[in-house]
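Me: I'd like a close look at one part of this protein, with enough of the surroundings to place it. Could you walk me through it?

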Amino acid sequence: PTRRSSDLVMSTGTVDLYFSHGAGIMGAGRHPGPAKAGRELAALAAQLAPNVPPALELNMPKPGYVKLYVLVDGIVRGQGGRETDFGEGRSSLSPLFHAAHHVMAEMRRIPPPAPDA
């Protein structure tokens, strides 16, 4: 089965990554790289949100597809499409897609916690 994930970035500085199988990475916003990338993602989401239609359903995309949701001013907005369209700049939300990937890349750079002695 394909492991799907969803990124959660809040303007409060929270940066979390959740996987469809239940695991996740929480609290990445305490680290400088994910915190900066998260702020950039949140600012871009706020800028693009007026052009995104309200989301009528909140569900995971099927493999090969992406759904981007933003919550701004109490309104959940969303747009979906083929992952290749987002990745190759053929969607108006391609910049948001790439910004979310930047957050995930910064999260992967967080060093693992030191083992307990």
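In what order do the elements of the protein run from the N terminus on? Once that's clear, please zoom in on Arg77 and what surrounds that residue.

Reply: Sure, and keep in mind that this is a predicted model. From the N terminus on, the elements go β-β-β-α-β-β-α-α, giving 3 helices and 5 strands. Of the 117 residues, 31% are buried. The radius of gyration is 15 Å, which agrees with the value near 13 Å for a compact globule with 117 residues.

Now for Arg77. Arg77 sits in strand β5, residues 75–82. Arg77 is buried and yet makes no salt bridge: Asp73, the nearest side chain of opposite charge, is 7.6 Å away. What the Arg77 side chain does reach is the backbone oxygen of Val52, at 2.7 Å. Setting aside neighbours within four places in sequence, the contacts of Arg77 take in Ala49, Val52, Pro53, Pro54 and Ala55, plus Leu68, Tyr69 and Val70.

Two of those names lead on to another residue, since Leu68 and Val70 are also touched by Leu96. Leucine 96 further touches Leu41, Leu44, Ala45 and Leu48, again not counting residues up to four places away in sequence. Leu68 and Leu96 are both among the residues with the most contacts inside the largest nonpolar core, which has 24 residues. Elements supplying at least two residues each to this core are β2 (15–19), α1 (32–48), β4 (65–72) and α3 (94–108), with α3 giving the most, 7 residues.

Conventions
Residues are numbered from 1 along each chain as its sequence is written. This is a predicted model: local features need pLDDT of at least 70, side-chain atom pairs count only at pLDDT 80 or more; totals for chains, interfaces and linings use all residues. Side-chain values use heavy atoms; hydrogens and water are left out. A nonpolar core is a set of buried Ala, Val, Leu, Ile, Met, Phe, Trp, Tyr and Cys residues joined through side-chain atoms within 4.5 Å. Buried means under 20% relative accessible area, exposed over 50%, partly exposed in between (1.4 Å probe, protein chains only). Helices (H or I, at least four residues) and strands (E, at least two) are DSSP runs, numbered from the N terminus. Contact means heavy atoms within 4.5 Å. Lys and Arg count as positive and Asp and Glu as negative; His and the chain ends are not counted. A salt bridge is a side-chain nitrogen of Lys or Arg within 4 Å of a carboxyl oxygen of Asp or Glu. A polar contact is a pair of N or O atoms within 3.5 Å; within protein, one must be able to donate a hydrogen and the other to accept it, and residues adjacent in sequence count only if both atoms are side-chain atoms. The radius of gyration is taken over C-alpha atoms; the globule rule is 2.2 Å times the number of residues to the power 0.38.
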